[in-house]
Every structure is written in structure tokens, then in C-alpha cells.
Amino acid sequence: MTVTRAQVLRRALACACPNCGRRGLLASWFRLRPACAGCGLDLAKSDGCYTGTTSIGYVASVVCVLVPVAVLVVRKVLPAGAGVAAALLGSLAFVLLLYPAMLCWMVGAYHLALPGELPANRGP
């Protein structure tokens, strides 16, 4: 393969195209460009399936916000009401701040699982 899984992972973490490595995949804070400006890789859909950010956002929010807040409430560092407010507001802020990265990570996750789908890895 021309593009290895390690390269796909590094490119996804850097919000770069998994195929050519060019940065600039985001059209706005909440949207990917339809295709990579460098190689034309379709970023919106991957062979019929939409790769959204919901699952990665839920997991990251639970691990990085909800669990630490729950520990603070259980240890009585935070009162329950403040814990609920912190969990809700913290999760919302966390997801909003990381949303652009999560868009890139989902494109990378798809191609990490299926590197043969990248145009650079297809035969002539």
C-alpha cells in the first residue's frame, strides 16, 4: 500500500487528508469540505455510508467530562446540582470545541479501517 495505516492515523490526528496529507479539510467549524482540494477524495460519504461524529463525541464526552464530574460528586467535592450543571455545560462545551477535530477523526477512522478504499492505495 502506498498510504499505510500509520500515515492515515497521523493524518487524521492532524486534520489532514488521509489520502494525500493536505490540510484544510474543514469548510467551517461544523462542516467538512465536500472533497479534498489536493486529491479530490470524497469527504462527505465513504462508499454509501455517512461517517458522523456522534459516537466519538458521546464516548469522548463521557470519558473526559461525565466520569470526572461523577467522581467529584461521589467524593462530595461538588454538590449534586452543581455536578449536573457541570456535566451538562462541560459536555456541551467539550463537544463544541472538539467538533472540527472529530470530523477529521471520523474520516480518518473510516480509512484506518479500510485503507484500501483510498485512491492512492487502489491499483491503476
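## Nonpolar surface and nonpolar cores

In this predicted model, a nonpolar patch on the surface is formed by Y58, V59, V62, V63, L66, V67 and V71, which together have about 620 Å² of accessible area. Such patches take residues with over 30% relative accessible area and no salt bridge, nonpolar side chains being joined within 5 Å; a salt bridge is a side-chain nitrogen of Lys or Arg within 4 Å of a carboxyl oxygen of Asp or Glu, and accessible areas come from the Shrake-Rupley method with a 1.4 Å probe. V59 lies in helix α2 (residues 54–74), where helices are DSSP runs (H or I) of at least four residues.

The largest nonpolar core, a set of buried residues joined through side-chain atoms within 4.5 Å, has 16 residues, and C17, L25, L32, C36, L41, L43 and L118 touch the most other members. Helix α3 (residues 80–113) gives the most to this core, with 6 residues. A second, separate core of 5 residues includes A60, V69, A87 and F94.

Buried means under 20% relative accessible area, exposed over 50%, and partly exposed in between (1.4 Å probe, protein chains only).

| Residue | Relative accessible area | Class |
|---|---|---|
| C17 | 0% | buried |
| C104 | 2% | buried |
| V59 | 53% | exposed |

The structure holds 0 disulfides, a disulfide being a pair of cysteine sulfur atoms within 2.5 Å. The closest cysteine sulfur to that of C17 is in C39, at 3.6 Å, which is too far for a bond.

Residues are numbered from 1 along each chain as its sequence is written. Local features need pLDDT of at least 70, side-chain atom pairs count only at pLDDT 80 or more, and totals for chains, interfaces and linings use all residues, while side-chain values use heavy atoms, with hydrogens and water left out.

Conventions. Helices (H or I, at least four residues) and strands (E, at least two) are DSSP runs, numbered from the N terminus. Patches are made of residues with over 30% relative accessible area and no salt bridge: like charges are joined within 9 Å, nonpolar side chains (Val, Leu, Ile, Met, Phe, Trp, Tyr) within 5 Å.
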